[in-house]
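Visitor: Please pick one part of this model and look at it closely. Start from a single pair of residues and work outward from there.

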Amino acid sequence: MQNVKGFDLIGDVHGCAASLALLLERLGYRLQRGIYRHPDRQALFVGDIIDRGPRIRESLHLVRDMVEADSAQVVMGNHEYNFLCYSTPGRPGSGLEYLRSHTPRHHRVLKETLEAFERHPQELHDFLVWIRDMPIFLEFEHFRMIHACWPHALLERFSREYGGNRISEAFLHRSVEPGRFECELMDRALRGTQMKLPDGAVITSKDGYQRRYFRTKFWVESAKYYGDIVFQPDPLPESIARMKLTAQDRTQLLHYGEDEKPLFVGHYWRDGEPAPITPNIACIDYSAVKFGKLVAYRYDHEPRIDPAKFVWVDVGRELREPTEDKSQ
Ligand SMILES: [Mn+2]
């Protein structure tokens with residue numbers, strides 16, 4: 001797109017196409033020949049277009065049409081990656097029927113997406129080809145975007161070995177083999193960083209799950225205690241929060257320095273009023289499909305994230321009246 005003056009970063013859509021259309025309107029995009037466009041801005045989708053919501057096909061069409069018209073760009077989310085792996089047969093001799101096994105749990109996450117395409121096998125195929133070709137990250141002169149977190153060293157190696165920001169068919173197959181760099185990269189970039197609780201501890205989170213792992217801050221520079229690095233889902237029990245991190249623990253942590261370019265991610269199911277996580281990191285996923293907000297950030301090359309530049313729509317109405325996606 002010529003003359004892009006600014007970018008609108010848009011959080012995890014998860015099939016909420018009606019809310020997405022509303023958000024785009026609010027940001028000044030207009031339908032022209034069936035595609036949302038802005039005269040001098042481009043939308044950047046942070047991934048997770050699919051799964052769970054009421055209008056998954058519609059969301060994919062809307063976003064792909066924008067990308068093909070140069071009105072938007074998109075990076076791959078963990079939901080697209082899982083969908084791709086679930087739909088890709090393993091190679092002979094790999095011992096895998098599919099790259100992501102068809103367990104009830106894996107099927108449940110994709111249920112709405114698979115149902116939406118039940119009668120559209122050709123479309124499904126075409127979208128999977130498109131998804132395979134999505135970039136993993138986008139790096140601009142003044143900012144960066146990736147689905148969950150920015151693992152510097154892994155991304156450098158990826159660009160060096162694969163010549164850009166997209167995966168190949170060979171990469172995809174390697175990425176499901178534990179221990180491989182391709183596997184670690186996809187896990188960090190699309191799911192973030194986590195750490196096992198010390199001494200086999202188990203905590204019960206507020207959503208009722210028993211957890212042996214917790215999500216760590218991927219930006220902290222010098223952490224001493226477990227309490228310094230906990231990001232999600234809940235605060236750690238005081239006794240664990242006060243424990244010192246070991247040298248081994250520290251090797252699992254990433255850093256994203258305060259002097260680096262602004263970084264935009266999705267993924268984390270946040271709630272409340274949209275706000276930056278740090279002066280140069282913003283998460284724009286506010287749990288749209290859980291009756292939260294579909295959030296955008298209007299970026300105009302500022303070096304620090306401006307809390308006044310988040311824009312959003314409440315998704316509640318679309319989820320209470322999920323009727324329209326049955327059009328054939
Ligand atoms: Mn998501």
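Guide: Arg-191 and Asp-187 are four residues apart in helix H8 (residues 181–191), so about one helical turn separates them. Note that the model is predicted. The two residues form a salt bridge, with the closest N and O atoms 2.9 Å apart. Arg-191 has a relative accessible area of 27% and is therefore partly exposed. Asp-187, at a relative accessible area of 23%, is partly exposed as well. As a general matter, side chains of opposite charge can pair when their charged atoms come close.

Helix H8 also has a part in covering another helix. Along with helix H4 (104–116), H5 and H7, helix H8 is included in what covers the buried residues of H3. Helix H3 (residues 78–87) is mostly covered, with nine of its 10 residues buried. The buried residues of H3 include charged and aromatic side chains: Glu-80, Tyr-81, Phe-83 and Tyr-86 are among them. Asn-78, His-79, Asn-82, Leu-84 and Cys-85 are buried in H3 too.

Two of the covering helices, H5 and H7, are joined by a salt bridge of their own. The side chains of Glu-169 and Arg-132 meet there, 2.8 Å from N to O. This pair links distant parts of the chain, since Glu-169 is in helix H7 and Arg-132 is in helix H5 (residues 121–132), 37 residues apart. The side chains of Arg-132 and Glu-169 also count as a polar contact, at 2.8 Å. Both ends are partly exposed: Glu-169 has a relative accessible area of 33%, and Arg-132 has one of 23%.

Arg-132 has further neighbours. Leaving aside residues within four places in sequence, Arg-132 is in contact with Met-76, Leu-84, Ile-167, Ser-168, Glu-169 and Leu-172. One of these, Leu-84, belongs to the buried set of H3. Asp-285, on the other hand, is 153 residues from Arg-132 in sequence and 22 Å from it in space, C-alpha to C-alpha.

Helix H7 (residues 169–174) also holds Ala-170. With a relative accessible area of 26%, Ala-170 is partly exposed. Between Ala-170 and Gly-316 there are 41 Å in space, C-alpha to C-alpha, and the two are 146 residues apart in sequence.

Another polar pair involves Arg-57, which lies in helix H2 (residues 56–68). The side chain of Arg-57 makes a polar contact with the side chain of Glu-123, at 3.0 Å. Arg-57 is buried: its relative accessible area is 10%, and the cut-off for buried is under 20%. Arg-132, at 23%, counts as partly exposed.

Across the whole structure there are 21 salt bridges. One of them joins the side chains of Glu-25 and Arg-30, at 3.3 Å from N to O. Glu-25 is partly exposed, with a relative accessible area of 35%, and Arg-30 is partly exposed at 42%. Asp-8, Arg-41, Arg-298, Asp-300, Glu-302 and Lys-309 are linked in a network of salt bridges.

Last comes the division into domains. The chain is divided into domain 1 (6–190 + 257–318) and domain 2 (194–253). Their C-alpha centres lie 26 Å apart. The contact between them takes 13 residues from domain 1 and six residues from domain 2. About 770 Å² is buried between the two domains, 66% of it on carbon and sulfur atoms. Tyr-268, Ile-277 and Ile-281 supply 46% of the area that domain 1 buries against domain 2, more than any other three residues. By class, the side of domain 1 that touches domain 2 has eight nonpolar, three polar and two charged residues. Zero salt bridges are found across this interface, and one residue pair is in polar contact there.

Note on methods
Residues are numbered from 1 along each chain as its sequence is written. This is a predicted model: local features need pLDDT of at least 70, side-chain atom pairs count only at pLDDT 80 or more; totals for chains, interfaces and linings use all residues. Side-chain values use heavy atoms; hydrogens and water are left out. Domain bounds come from an automatic or database domain assignment. Contact means heavy atoms within 4.5 Å. Buried area is the accessible area (1.4 Å probe) that two parts lose on being put together, summed over both. A salt bridge is a side-chain nitrogen of Lys or Arg within 4 Å of a carboxyl oxygen of Asp or Glu. A polar contact is a pair of N or O atoms within 3.5 Å; within protein, one must be able to donate a hydrogen and the other to accept it, and residues adjacent in sequence count only if both atoms are side-chain atoms. Ala, Val, Leu, Ile, Met, Phe, Trp, Tyr, Cys and Pro count as nonpolar, Asp, Glu, Lys and Arg as charged, and the others, Gly among them, as polar. Buried means under 20% relative accessible area, exposed over 50%, partly exposed in between (1.4 Å probe, protein chains only).
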